[in-house]
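Q: I would like a close look at one part of this protein, with its surroundings. Please keep to what the model shows.

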Amino acid sequence: MRHTHRFPQHGSNASPVHGIVPPHLLRHLARQTSSELSECADAAMHTLMITERWRGERQVLGSMAPWLTTPVGECRRTVFDAGHGQSLPGARVRGEGERPSGDAETDEAYDAAGATYEMYAQVFGRDSIDGRGMRLDSSVHFSRRFDNAFWNGTQMVYGDGDGILFQRFTRCVDVIGHELTHGVTQCEAGLAYRDQSGALNESLSDVFGSLVKQHALGQSAAEADWLIGAGLFTSRVRGTALRSMKAPGTAYDDPFLGHDPQPAHMRDFVPTFEDNGGVHINSGIPNHAFYLTAMAFGGPAWEKAGRIWYGTLCHRLTPLADFRAMAQATADEARIAFGEPESRVVREAWAEVGVEVALNAAARA
Ligand SMILES: [Zn+2]
């Protein structure tokens, strides 16, 4: 297994801060003028501004990452309390093996980092984010009314949410798996965070974030909810989650947050300059291809579909890969890892979302 470090060096623009809540949703909320939700609009604007500021600092932090390694084969989690400030990491509140702190955010961040480490270690034999036992540091209670969670290149950062539309971000294990997977992608394929390669980057985080949740709950593909961020919205929001891999475009439809814009098929691909070329929007297409593949195989999604996507992430993608390259790579990985029938399942799933894969010479023979 290849484990080269691809953490960007200072000056690179390859890996901006990856917040779980997409900018289009926060902008929609920030534009609301209803006095009833003025606090939420302010919180959304504040979140957008902080995320923007972090984009610059992220590049400096990224080059420090290889220093954060621990002995191989060991999960080492540390949770810090930012105390509603913005300097990181904050005060250390819980380390590996220590008793629960009693603070929900602290203990949820600790547990979910553990669930993510375990899924990657047990299913794929991967030792942490970088494959070399990188420390899993998290900061909770970041800023005030902060409506996001993000991976900044060296650690996880969680806001408490505005408490009116968004609940605390540590509630969702798949959100935490999503964010930590941005670190894995950064170390492996190094997918550029724009246009189709950026949508693949987002999709891989949704795929493995959902697998962390499914693995922790012991669910089969048929039992899983295939939602990202279920439980993040309060009951005031008309919506169940941030995204749905099963039915992209149906996760929320709310007067304050807008309508889930995700397509499930290439015919509905959204060309846009916003959101780095729609990375959180068009990711619905590869997300749905993974869902269809996992459902066609049946059983736990990590066993076949997950293995194929993981092998592809680690060995078959270049930084500017597009959907067609991803489809071809997963079909090839399926054939090598399992056989031609599995490769056919993968090709059919991609065809269903409008991405056709050419049969290569080996498959036709
Ligand atoms: Zn993301």
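At what angle do the axes of helix 8 and helix 9 cross, and within what distance do they come?

A: This is a predicted model. In it, the axes of helix 8 (residues 302-315) and helix 9 (residues 323-337) cross at roughly 115° and come within 9 Å. The crossing of helix 8 with helix 9 is right-handed.

On the helix 8 side, the residues that meet the partner are Arg307, Ile308, Trp309, Gly311 and Thr312. Helix 9 supplies Met326, Ala329, Thr330, Glu333 and Ala334. By class, the residues of this contact are 5 nonpolar, 3 polar and 2 charged.

Trp309 deserves separate mention. Leaving aside neighbours within four places in sequence, Trp309 is in contact with Met326 and Thr330, both of which belong to the helix 9 side of the contact. Other residues in contact with Trp309 include Leu204, Val207, Phe208, Ala289, Phe290, Thr293, Val346 and Trp350.

Trp309 also belongs to the largest nonpolar core, which has 90 residues. Trp309 is among the residues with the most contacts inside that core, together with Leu165, Phe166, Phe208 and Trp350. Helix 3 (residues 104-124) gives the largest share of the core, 10 residues. Domain 1 (18-185) and domain 2 (195-364) each contribute at least three residues to this core. A second core, separate from this one, has 5 residues, among them Phe142, Phe146, Phe150 and Val157. In soluble globular proteins, nonpolar side chains tend to be buried together.

Conventions. Residues are numbered from 1 along each chain as its sequence is written. This is a predicted model: local features need pLDDT of at least 70, side-chain atom pairs count only at pLDDT 80 or more; totals for chains, interfaces and linings use all residues. Side-chain values use heavy atoms; hydrogens and water are left out. A nonpolar core is a set of buried Ala, Val, Leu, Ile, Met, Phe, Trp, Tyr and Cys residues joined through side-chain atoms within 4.5 Å. Buried means under 20% relative accessible area, exposed over 50%, partly exposed in between (1.4 Å probe, protein chains only). Helices (H or I, at least four residues) and strands (E, at least two) are DSSP runs, numbered from the N terminus. Domain bounds come from an automatic or database domain assignment. Contact means heavy atoms within 4.5 Å. Axes are lines fitted to C-alpha atoms, for helices over the stretch in contact, and angles run from 0 to 180 degrees between N-to-C directions. A crossing is left-handed if the near helix is turned anticlockwise from the far one by less than a right angle, and right-handed if clockwise. Ala, Val, Leu, Ile, Met, Phe, Trp, Tyr, Cys and Pro count as nonpolar, Asp, Glu, Lys and Arg as charged, and the others, Gly among them, as polar.
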